[in-house]
Amino acid sequence: MGQINPQIHESWRKVLSDEFSSSYFQRLKVFLVEEKKNHLVYPSGAHIFEAFNRTPFDRVKIVILGQDPYHGEGQAHGLCFSVPSGIAFPPSLQNIYRELQTDTGLPYPVTGDLSGWASQGVLLLNATLTVRANQAGSHQGRGWEIFTDAVIRKLSEQRQHLVFLLWGNYAREKKSLIDLNKHFVLEAPHPSPLSVYRGFYGCKHFTRANEILSENGIAPVDWQVR
């Protein structure tokens, strides 16, 4: 884990340098080293900062907040809600795709890989960036949330006209980190099967986010997953 810093895009390294040198982050690195000695940890080390590497700081347009990486084999690859091509779609992603199809009229995707969104400026950020295999939430409270809260604050402070999609109560709690005079927040229930019918279906966040971007002179996102 000593090479954790070089594996994040230079734009983010500059913005987050204070976080990487902080005591909590050093403790987090020690924790992860010990975890990897005794347990299988997802995603792989090369993919922990995938969201940041796919979406440099100055290219972020939209932020989608997740909570934890997927904890099943082959699922997590550093982008919230996304899975690599060839991996079965988890229930929340299936529901996101159903809303995407209804909202935009685009075809139902054949891959769960959302890298195409990320490369267009959609930061797919989990609050916790690692997880022990088959144990949901196992790396919560170890420091990742401090780090990702700092990410949201830095975006709020240093960027303008971003659209934050906050799905579910956990994500909605992050609203307090965002300057609502500079940015836009769209809220909905989580796309999980437990809450999707409470208002995620029909929220139309994909078209609404693009409308906001266009109104502010920012190129919209092509939401088609290829």
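In strand 2, Ile62, Ile64 and Gly66 point to one side while Val63 and Leu65 point to the other, and all of these residues are buried. The model described here is a predicted one, and this strand is a convenient place to start looking around it. Strand 2 runs over residues 62-66, and it is mostly covered, with 5 of its 5 residues buried.

Two neighbouring strands can be followed from here. Strand 3, residues 122-126, runs parallel to strand 2 and is joined to it by 5 bridges. Within this pairing, Ile62 has Val122 of strand 3 standing opposite. Strand 5, made of residues 163-167, also pairs with strand 2 in the parallel sense, here over 3 bridges. In that case Val63 is the residue of interest, with Phe164 of strand 5 opposite.

Turning to the helices, helix 7 takes in residues 144-158. Its end C-alpha atoms lie 21 Å apart, which agrees with the 21 Å that its 15 residues should span at 1.5 Å a residue. Like strand 2, helix 7 is mostly covered. Of the 15 residues in helix 7, 11 are buried. Among them are the aromatic residues Trp144 and Phe147, along with Glu145, Asp149 and Lys154. The buried set also includes Thr148, Ala150, Val151, Ile152, Leu155 and Ser156. An α-helix has 3.6 residues a turn, so residues three or four places apart point the same way.

Another helix to find in the view is helix 3, which covers residues 23-38 and contains Leu32. With a relative accessibility of 0%, Leu32 counts as buried. The C-alpha atom of Leu32 is separated by 15 Å from that of Ile146, and the two residues are 114 positions apart along the chain.

The aromatic side chains offer a further set of landmarks. The count for the model comes to 23 aromatic pairs. One of these joins Phe20 and Phe25 in an edge-to-face arrangement, with 5.0 Å from centre to centre and 85° between the planes. Both partners are covered: Phe20 counts as buried at 4% relative accessibility, and Phe25 is buried with a relative accessible area of 0%. Phe49 and Phe52 provide another example, with ring centres 5.9 Å apart and planes at 65°, so this pair is edge-to-face as well. Phe49 is buried at a relative accessible area of 0%, and for Phe52 the value is likewise 0%, again buried. These four phenylalanines belong to one aromatic cluster, together with Trp12, Tyr24, Phe57, Trp144 and Phe147. Trp144 and Phe147 bring the account back to helix 7, where both are buried.

The empty space in the model can be described next. Rolling a probe the size of a water molecule over the atoms shows where empty space is left. A search of the whole structure finds 2 cavities of 30 Å³ or more. The largest cavity has a volume of about 100 Å³. Its lining is made by 17 residues, and those nearest its centre are Pro69, Gly78, Leu79, Cys80 and Asn126. Helix 4 (50-54) and strand 3 are the elements that give two or more residues to this lining, and the largest share, 3 residues, comes from strand 3. By class, the lining of the largest cavity holds 13 nonpolar and 4 polar residues, and no charged ones.

The second largest cavity has a volume of about 40 Å³. Leu65 and Gly66 line it, as do Leu125, Asn126, Ala127, Thr148, Ile152, Tyr170, Ala171 and Lys174. Two or more lining residues come from each of strand 2, strand 3, helix 7 and helix 8 (169-172). The lining of the second largest cavity divides into 6 nonpolar, 3 polar and 1 charged residues. Asn126 is named in the linings of both cavities.

Finally, the largest pocket has a volume of about 330 Å³. It is lined by 15 residues, and the closest to its centre are Gln67, Asp68, Pro69, Tyr70 and His190. The lining of the largest pocket has 5 nonpolar, 9 polar and 1 charged residues. Pro69 thus appears near the centre of the largest pocket and also among the residues nearest the centre of the largest cavity.

Key: Residues are numbered from 1 along each chain as its sequence is written. This is a predicted model: local features need pLDDT of at least 70, side-chain atom pairs count only at pLDDT 80 or more; totals for chains, interfaces and linings use all residues. Side-chain values use heavy atoms; hydrogens and water are left out. On a 1 Å grid over the protein atoms alone, a cavity is a set of points where a 1.4 Å probe fits but cannot get out, and a pocket is an open set with protein on both sides within 12 Å along at least five of seven lines; lining residues have an atom within 4 Å of a point. Grid points are joined across faces, edges and corners, and a volume is the space filled by probe spheres set on the points. Ala, Val, Leu, Ile, Met, Phe, Trp, Tyr, Cys and Pro count as nonpolar, Asp, Glu, Lys and Arg as charged, and the others, Gly among them, as polar. Rings of Phe, Tyr and Trp (its six-membered ring) pair if their centres lie within 6.5 Å; planes under 30 degrees apart count as stacked, over 60 as edge-to-face and the rest as tilted. Buried means under 20% relative accessible area, exposed over 50%, partly exposed in between (1.4 Å probe, protein chains only). Helices (H or I, at least four residues) and strands (E, at least two) are DSSP runs, numbered from the N terminus. The expected span of a helix is 1.5 Å times one less than its number of residues. Two strands pair if DSSP finds at least two bridges between them.
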